[in-house]
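This report describes the fold, the metal site and selected local features of one protein chain. It is intended to be read alongside the sequence and the model.

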Amino acid sequence: VDRSRWAAEVKRPDWYLRLAGEYEALLAQARESPRALAQAIAHDVYSFFEDALENNMIALGTSGPEWDAERAPIDTAVIHHTNLEPGIDWRRIDAIHLTRIYARYYREPVPAEAAIRGKPIYSGHFRSERQLFVCYHWLIRQDGSRERLLEDDETGWHAGDWDVNCRSVGICFDGRFDGEQPAPEMTNAAARLLHDHYPHVSASRILGHREVNPTTTCPGDRFLDSWKEAITGSMG
Ligand SMILES: [Zn+2]
């Protein structure tokens, strides 16, 4: 990443069109690389956006479509994993979702929202002065603690399906769960979270991301045959 040139580009409202070729090529290179190199490339890209967000360097929208107006009563929980090393800071997830979810949507919006292409990116989610792009409502840590990210009246762009996004909470497990399953501390924490905050969500509406969107393996290849039951077993 040529940080000084990127820093100049992200000051322009359509930075995500101007830089897309470069960052998408880097992310594609990461996907084809051995893990250590892939992590180094991803770190290079996302630490740039994380720092740029933190230092208020990116041209962002102050208004835009009010997607949260379509928020519906929550009747669904969608389970994810970060598919990254555990211990990630929410600011890094924020940078990843800005780049991979919001920037991609603003480049190729649905026809009804075509007018947003080239406009500065706007999520409508704010904490104090800071605009948020993170798409999960909760993060479950490896020790069983939980962190609140989005509020329940905010729509997270996490499920890959707009109807499901509008009626769901996104709950993300911190770690990689392809080839292994989360410790009982984590599945117990998710069950407790659902019990405490979403007791009206039925077990049949607790879904892995892969059940909503079959193009992903999220939250890992053991979810359906092993640890889903540890979460849903205690729900009605
Ligand atoms: Zn997911």
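Contact here means heavy atoms within 4.5 Å. The model discussed below is a predicted one.

**A glycine in a loop**

By that criterion, and leaving aside residues up to four places away in sequence, Gly144 touches Glu185, Ala189 and Arg192. Gly144 lies in the loop between strand 4 (138–140) and strand 5. Its relative accessible area is 12%, and Gly144 is therefore buried, the limit being under 20%. From Gly144 to Tyr122 the separation is 22 residues in sequence and 32 Å in space, taken from C-alpha to C-alpha.

**The sheet**

The sheet is open and consists of five strands in the order 5-4-6-1-7, with mixed pairing. Strand 5 (146–148) and strand 7 (206–208) occupy the edges; each has a single partner strand, so one side of each is left without a neighbour in the sheet. From one strand to the next, the twist averages 25°.

Strand 1 (residues 76–81) runs parallel to strand 6 (residues 168–173), and six bridges join the two. Within this pairing, the bridge partner of Val78 is Gly170, while that of Ala77 is Val169. Strand 1 also runs parallel to strand 7, to which three bridges join it. In that pairing Ala77 stands opposite Ile206.

Helix 9 (residues 223–232) packs on the sheet and touches strand 1, strand 6 and strand 7. The direction of helix 9 makes about 150° with that of strand 7.

How much of strand 1 is buried? Six of its six residues are, so strand 1 is largely enclosed by the rest of the structure. In a regular strand, side chains alternate between the two faces of the sheet. In strand 1 both faces are covered: Thr76, Val78 and His80 are buried on one side, and Ala77, Ile79 and His81 are buried on the other.

**The zinc site**

Which residues coordinate the zinc ion? The donors are His80 through ND1, His209 through ND1 and Cys218 through SG, at 2.1 to 2.2 Å. Along the chain these donors follow the spacing H-x128-H-x8-C. The two histidines link distant parts of the chain, since His80 belongs to strand 1 and His209 to helix 8 (residues 209–212), 129 residues apart. His80 has a relative accessibility of 1% and so counts as buried. His209 is likewise buried, with a relative accessible area of 12%.

The third donor, Cys218, also takes part in an unusual backbone link. A cis peptide bond joins Cys218 and Pro219, with omega at about 5°. Pro219 is placed in the loop between helix 8 and helix 9.

**Helix 4 against helix 5**

Two packed helices are described by the angle between their axes and the distance between the axes. The axes of helix 4 (residues 35–54) and helix 5 (residues 90–107) come within 8 Å and cross at roughly 105°. Because angles of 65 to 115 degrees count as roughly perpendicular, helix 4 is roughly perpendicular to helix 5.

On the helix 4 side, the contact involves His43, Tyr46, Ser47, Phe49, Glu50, Leu53 and Glu54. These meet Arg91, Arg92, Asp94, Ala95, Ile96, Leu98, Thr99 and Arg100 in helix 5. Sorted by class, the contact has six nonpolar, three polar and six charged residues.

**Two asparagines with positive phi**

Most residues other than glycine have a negative phi, and most peptide bonds are trans. Asn56 and Asn83 each have a positive phi although neither is a glycine. The table sets out their placement and accessibility.

| Residue | Phi | Loop | Relative accessibility |
|---|---|---|---|
| Asn56 | about 60° | between helix 4 and strand 1 | 67%, exposed |
| Asn83 | about 60° | between strand 1 and helix 5 | 33%, partly exposed |

Asn56 counts as exposed because its value of 67% is over 50%. Asn83, at 33%, lies between the limits of 20% and 50% and therefore counts as partly exposed.

**Summary of strand 1**

Several of these features meet in strand 1. This strand pairs with strand 6 and with strand 7, is touched by helix 9, and contains the zinc donor His80.

Key:
Residues are numbered from 1 along each chain as its sequence is written. This is a predicted model: local features need pLDDT of at least 70, side-chain atom pairs count only at pLDDT 80 or more; totals for chains, interfaces and linings use all residues. Side-chain values use heavy atoms; hydrogens and water are left out. Two strands pair if DSSP finds at least two bridges between them. Helices (H or I, at least four residues) and strands (E, at least two) are DSSP runs, numbered from the N terminus. Axes are lines fitted to C-alpha atoms, for helices over the stretch in contact, and angles run from 0 to 180 degrees between N-to-C directions. Donors are N, O and S atoms within 2.8 Å of the metal (3.2 Å for Na, K and Ca); water is not among the atoms, so sites may look incomplete. Buried means under 20% relative accessible area, exposed over 50%, partly exposed in between (1.4 Å probe, protein chains only). Angles under 35 degrees count as roughly parallel, over 145 as roughly antiparallel, 65 to 115 as roughly perpendicular and the rest as oblique. Ala, Val, Leu, Ile, Met, Phe, Trp, Tyr, Cys and Pro count as nonpolar, Asp, Glu, Lys and Arg as charged, and the others, Gly among them, as polar.
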